[in-house]
2 protein chains.
Amino acid sequence: MKKITIKEIAKKAGVSIGTVDRVLHNRGEVAPKTKELVLQIAKEGNYTTNVYARTLKLNRTYTIAVLLPNDNEYWNLQNKAISETAEKYQSLGLLLTFFTFYRKDSASQEQQAKKLLESNPDGVILAPLVESGSTNFTKQLDTLKIPYVFVDSNLKNANPLSFIGQSSYQAGHLAAKLLNLGFPHGKRTYIVRFHDFDSLNKTIEERIKGFRDFYHDNGFNPLLIMEMDLSKDAQNFSSEVSAEGPIHFFVPSSRAHQLTHNTMSELDPHPRIVGFDLIEKNIACLKAGAIDFIIDQNPMKQGELAIQSFYNRLITNQDVQQHQPMPLEIFTKENLIA
Amino acid sequence: MKKITIKEIAKKAGVSIGTVDRVLHNRGEVAPKTKELVLQIAKEGNYTTNVYARTLKLNRTYTIAVLLPNDNEYWNLQNKAISETAEKYQSLGLLLTFFTFYRKDSASQEQQAKKLLESNPDGVILAPLVESGSTNFTKQLDTLKIPYVFVDSNLKNANPLSFIGQSSYQAGHLAAKLLNLGFPHGKRTYIVRFHDFDSLNKTIEERIKGFRDFYHDNGFNPLLIMEMDLSKDAQNFSSEVSAEGPIHFFVPSSRAHQLTHNTMSELDPHPRIVGFDLIEKNIACLKAGAIDFIIDQNPMKQGELAIQSFYNRLITNQDVQQHQPMPLEIFTKENLIA
DNA sequence: GTTAATTTCGTTAACGTACACGGAAAATTT
DNA sequence: AAATTTTCCGTGTACGTTAACGAAATTAAC
């Protein structure tokens, strides 16, 4: 039950703590049979290195770089959560540095990535929203042997320390289920996109795929699903939709509020709407009854978990789950305040 | 940015580290003005005690006692999660001891509580399912100044270090929303109870309250809600229900599978069912399409958080959120595997 | 068989904190 | 003014680990 210490191992083996240290760290030369003896005793004594002594001796702080957008409320929330959690972990030896950018400005994005690499951090937290740029970046991290954690979105062919986020596919699937509850043959639905901004966002594509597959899996007519680009169709949107009669809306981004803001309130009967992320404007819409369901990603929690992952990896030597799934948190008008 | 150490404070103040120690710990006598000087310097230098040095010096392990039922799959899951997380935290100085019991056997329950107190733990994890017994127990913990964490269920008039769990009321509310989606005037629903076992369970009562309030808040006829006790009505259940025509079911416990197991498969059209907790039998029912929604409490995560809370409190000196809400995780046939 | 090179190992000083022990200075008593 | 108490403070050790330094033992070279 009680763990053996280096000193005790040394005594039992009849050697000095220096040699024990050499054996346990594979450093320096040590005679084969004493090495074996030491390992034997360590194993029997159930040796694990004392995290507190080790950390105290090393007495170093690790810097974690955060590369995230800060161009809307959702990302601001996440940055804030990370920054608040960072304060707690500062006294434990983790120091965070932020490299935020505007997604529209791809130059600033690359510049921040470059600055990040120059700062030579011990770890990186990022959201691989756009596949091409992200793979490029993570490859550089791989060669530099800098561990990284993904939040919000995952990336194939990368080796993150951990991915923290929802299954976007399942999120889309669930959204479809909610919208079609009570309609055994499927319900006409608009998928609302905004091509001005999120056109390359993997997360959104996966949600849409999950949504469409629900229709397919349930044998619904795929023509029931229509897409619109609200960034340009905003003009003729209202007339078009109201001519079509009762209909549902799926907004696979955090911009569901824009839908309701414009024209929806005039529609009757009230269409069922599912959107994402508990940002203020969406909360207001939920309260007003304009949006029915919001699936939240809990960016605050994700930020916390990302930092915790590095703490466990760099300091406490605990192993980190390679995938830390975030639940699909559903909010309605009724359970908003909880 | 960099924190000052005791030694540095001592040097700046022109005293020894012993004096600084006395000031910072309010122990022993120290002249008022040197005390003030030391405090001043400590504050300016942004002193916080080095967790690693402190823990290393104290070199003690804290024992956390776990008082939970283990009479069904749900509680087994939670115990297992706690026990697995415990292994990770053992090397960090947390040792867990388990006091499990069968809820039917109230004698064994009291006995375990007694044994727990005799073991004089540094903290306790428990689920205050039954109000009377729990308040009695937590009062004893209060007088002994033993901190405790609630999982699953909260307790009024207690002062836990933290409560980790869902809002049962909101869970009931959400269940009602799911069952009534598509029925603007409300849908006839049975609340299915099992008085043989869970009769005093606070959690279940709160879920039912949330469920009923949804009907009330939406102006539905309260007579749409009926209750049945499946532990005794099992016989005439089938005939009664099928005579009534299409209907929904709300099972505010983890026993939704019992409902479907018996008789439901014969009913046509398939009634909509909402239950709780991702235990194996419920998973099977979800897969088979017999249950539509399961709201899971994620007992594994709760167990993890409970231990983490004690780690933060007893060792790292971080403050612990007094309420750590668990999301209402919704599972359907489709997002089960995720 | 002596010297040099190489392998193998022990000693030691930190890291920052907690706490026991006892000594010096000041205050009080005789 | 000496003796005694009280107040105040410094010294030292230990917690378990890391890592540098150099000593001892072994082997190789001639």
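Around DNA strand D there are 28 residues, the closest being A:Ile6, A:His25, A:Tyr47, B:Ser16 and B:Thr19; a residue counts as near a strand if one of its heavy atoms lies within 4 Å of it. This is a predicted model, in which local features need pLDDT of at least 70 and side-chain atom pairs count only at pLDDT 80 or more, while totals for chains, interfaces and linings use all residues. Residues are numbered from 1 along each chain as its sequence is written, chains are lettered from A and ligands numbered from 1 in the order in which they are written, and side-chain values use heavy atoms, with hydrogens and water left out.

Let us stay with strand D for a moment. Of its atoms within 4 Å of the protein, 66% belong to sugar or phosphate, and the rest to bases. By class, the surface near DNA strand D has ten nonpolar, ten polar and eight charged residues. Here Ala, Val, Leu, Ile, Met, Phe, Trp, Tyr, Cys and Pro count as nonpolar, Asp, Glu, Lys and Arg as charged, and the others, Gly among them, as polar.

On DNA strand C, 28 residues again form the surroundings, and A:Ser16, A:Ala31, B:Ile6, B:His25 and B:Tyr47 come nearest. Sugar or phosphate accounts for 63% of the strand C atoms within 4 Å of the protein, with bases making up the rest. The surface near DNA strand C has ten nonpolar, ten polar and eight charged residues.

The table gives some polar contacts to the two strands. A polar contact is a pair of N or O atoms within 3.5 Å; within protein, one must be able to donate a hydrogen and the other to accept it, and residues adjacent in sequence count only if both atoms are side-chain atoms.

| Residue | Part of residue | DNA atom | Distance |
|---|---|---|---|
| B:Arg22 | side chain | base nitrogen, DNA strand D | 2.9 Å |
| B:Thr34 | side chain | phosphate oxygen, DNA strand D | 3.2 Å |
| B:Lys57 | backbone | base oxygen, DNA strand D | 3.4 Å |
| A:Ala31 | backbone | phosphate oxygen, DNA strand C | 2.6 Å |
| A:Asn59 | side chain | sugar or linking oxygen, DNA strand C | 3.0 Å |
| B:Arg27 | side chain | phosphate oxygen, DNA strand C | 2.8 Å |

Which elements give two or more residues to the surface near DNA strand C? They are helix 2 and helix 4 of chain A, together with helix 1 (6-13), helix 2 and helix 4 of chain B. Helices (H or I, at least four residues) and strands (E, at least two) are DSSP runs, numbered from the N terminus.

A UniProt record helps to place this part of chain A: its unreviewed entry puts the feature "domain: HTH lacI-type" at residues 4-58. UniProt positions are given in the numbering used here, feature names are shortened, and annotations may be inferred rather than shown by experiment. In the model, that span is 69% helix and 0% strand, and its end C-alpha atoms lie 21 Å apart.

Now to the protein–protein side. Chain B brings 43 residues to the contact and chain A brings 42, where contact means heavy atoms within 4.5 Å. About 3,900 Å² is buried between the two chains, and carbon and sulfur atoms give 59% of that area; buried area is the accessible area (1.4 Å probe) that two parts lose on being put together, summed over both.

Two salt bridges link chain B and chain A, a salt bridge being a side-chain nitrogen of Lys or Arg within 4 Å of a carboxyl oxygen of Asp or Glu. One of them joins A:Glu334 and B:Lys177, at 3.5 Å from N to O. Six residue pairs are in polar contact between these chains, with both residues at pLDDT 80 or more. On the side of chain B that touches chain A, helix 13 gives the most, with six residues.

Over all chains, the structure holds 18 salt bridges. Within chain A, A:Arg193 and A:Glu205 form a salt bridge whose closest N and O atoms are 2.3 Å apart. A:Arg193 lies in strand 6 (residues 189-193) and A:Glu205 in helix 9 (residues 202-217), so this pair ties together parts that are twelve residues apart in sequence.
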